[in-house]
Amino acid sequence: MKFGTKAIHAGQVPDPSTGAVMTPIYQTSTFWQESPGKHQGYAYARGKNPTRSALEKCLAELEGAKYGLCFSSGMGSIDAIVKLLRPGDEVITGDDLYGGTYRMFTKVFAHFGLKFHFIDMKDANNIKKHVNDKTKMIWLETPTNPTMQIIDIEACAKIAKEHKLILAVDNTFASPYLQNPLALGADIVMHSVTKYIGGHSDVIMGALCLNDEKLYTELAFIHNSCGATPGPMDSFLVLRGIKTLHIRMERHCYNGRIIAEYLKTHPKIDRLYWPGFPDHPNHAIAKKQMKDFGGMISFSLKGNKQEDAFRIASSMKVFTLAESLGGVESLINHPATMTHASIPKAEREHAGVVDSLLRLSVGIEDVSDLLDDLKQALNA
Ligand SMILES: *Cc1c(COP(=O)(O)O)cnc(C)c1O
């Protein structure tokens with residue numbers, strides 16, 4: 001089956017008890033047992049719930065994975081991956097990470113004796129310089145947030161295999177529609193389902209997809225033991241959102257290209273980050289590993305003044321000034337004070353997150369309205 005068909009049907013069959021076409025919201029914490037331990041596959045809903053199981057199967061199929069696990073947030077799913085490690089272990093990761101991931105690594109897990117190396121991964125060979133006998137994992141995001149760095153997943157997977165490291169990829173920005181890291185050699189794919197997969201800015205959720213049975217058994221154990229599992233209502237909302245993922249992504253990419261091309265020639269714009277431009281660093285790799293370039297665009301302003309960025313952000317009428325991304329509605333965000341405020345100034349500026357940087361999550365509205373909105377706000 002192809003992607004769009006899987007998005008609508010994978011993991012879902014008419015409910016055997018009633019014939020309901022939509023997977024019911026099994027709003028129950030516990031399940032009847034005929035005699036102790038004898039049940040129909042479900043005992044207690046932290047471990048397993050049928051609405052969640054349908055979603056986990058659907059997501060796994062979209063990533064070309066055997067196994068899927070859904071978490072109560074993207075951060076909950078990253079937390080489970082880090083718990084595969086032991087004190088003394090080291091992780092090699094990028095220098096432009098989602099702010100919350102950076103905060104979890106440095107402010108939570110560094111205290112448990114784990115060491116994180118934040119390096120420039122645009123050239124995958126850089127990774128080799130940081131591998132030692134304590135290295136256990138490579139954690140990468142591509143495209144990165146917010147400067148759209150493209151990391152070569154296949155090259156990283158080769159290095160990971162050579163040194164027996166786990167390669168985990170945060171695939172939130174691409175969504176399974178644009179990129180499938182497992183097919184490129186990654187071991188674990190992570191999603192903030194909150195973003196494109198949910199797609200309607202109404203749910204917080206995370207997910208992991210993978211093929212390796214041993215890793216899955218460990219992660220499923222952590223999932224149930226630590227308990228960051230989502231409820232059935234949220235699972236239902238995501239099952240519903242996912243049905244249009246392929247259609248939404250097409251429009252995100254179409255609108256994104258038109259807006260990126262408009263911004264590229266605008267006299268007030270200094271740097272523009274969108275992986276679809278031939279002069280974007282690693283554009284050739286983006287072309288190779290992604291189906292299209294997505295609707296995430298960042299730009300900085302000439303003169304680099306925060307007040308100019310604030311004025312633009314507050315003048316938007318169709319774009320909403322808010323954190324998050326990937327929903328049907330267009331959003332604008334000021335990373336330095338919003339999504340990336342937890343990263344020290346020197347480090348964020350090194351990664352390109354300067355005071356005038358603005359990030360757009362281009363939605364699926366009529367693109368002419370989005371263009372008009374940007375025009376009036378840039379001239380405000
Ligand atoms: C939002 C986001 C996360 C965290 O996910 P939550 O669902 O907010 O917990 C992780 N990585 C990336 C790239 C994100 O955009």
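**Ligand shell, a helix pair and an unusual loop**

Of the 13 residues around the ligand, those that come nearest are M75, D170, S192, T194 and K195; a residue is near a molecule if one of its heavy atoms lies within 4 Å of it. This is a predicted model, in which local features need pLDDT of at least 70 and side-chain atom pairs count only at pLDDT 80 or more, while totals for chains, interfaces and linings use all residues. Residues are numbered from 1 along each chain as its sequence is written, and side-chain values use heavy atoms, with hydrogens and water left out.

**Ligand contacts**

- D170 places a polar side-chain atom 2.7 Å from a nitrogen atom of the ligand.
- K195 has a polar side-chain atom 2.7 Å from an oxygen atom of the ligand.
- G74 uses its backbone: a polar atom there is 2.9 Å from an oxygen atom of the ligand.
- On its own the ligand has 380 Å² of accessible area, and the protein covers 94% of this (Shrake-Rupley method, 1.4 Å probe).

**Make-up of the shell**

- Helix α3 (74-82) and strand β6 (188-192) are the elements that give two or more residues to the shell around the ligand (DSSP runs numbered from the N terminus: helices are H or I, at least four residues, and strands are E, at least two).
- The shell holds six nonpolar, five polar and two charged residues (Ala, Val, Leu, Ile, Met, Phe, Trp, Tyr, Cys and Pro count as nonpolar; Asp, Glu, Lys and Arg as charged; the others, Gly among them, as polar).

**Helix packing**

- Helix α10 (residues 245-264) packs with helix α14 (residues 367-378) at an angle of about 30°, and their axes are 10 Å apart (axes are lines fitted to C-alpha atoms over the stretch in contact; angles run from 0 to 180 degrees between N-to-C directions).
- Therefore α10 and α14 are roughly parallel to each other (angles under 35 degrees).

**Loop between β4 and α6**

- T142 and P143 are joined by a cis peptide bond, with omega about -10°.
- P143 sits in the loop between β4 (135-141) and α6 (153-162).
- A cis peptide bond also joins N145 and P146, with omega about 10°; P146 lies in the loop between β4 and α6.
- M148 is not a glycine, yet has a positive phi of about 60°; its place is in the loop between β4 and α6.

Conventions: A polar contact is a pair of N or O atoms within 3.5 Å; within protein, one must be able to donate a hydrogen and the other to accept it, and residues adjacent in sequence count only if both atoms are side-chain atoms. Angles under 35 degrees count as roughly parallel, over 145 as roughly antiparallel, 65 to 115 as roughly perpendicular and the rest as oblique.
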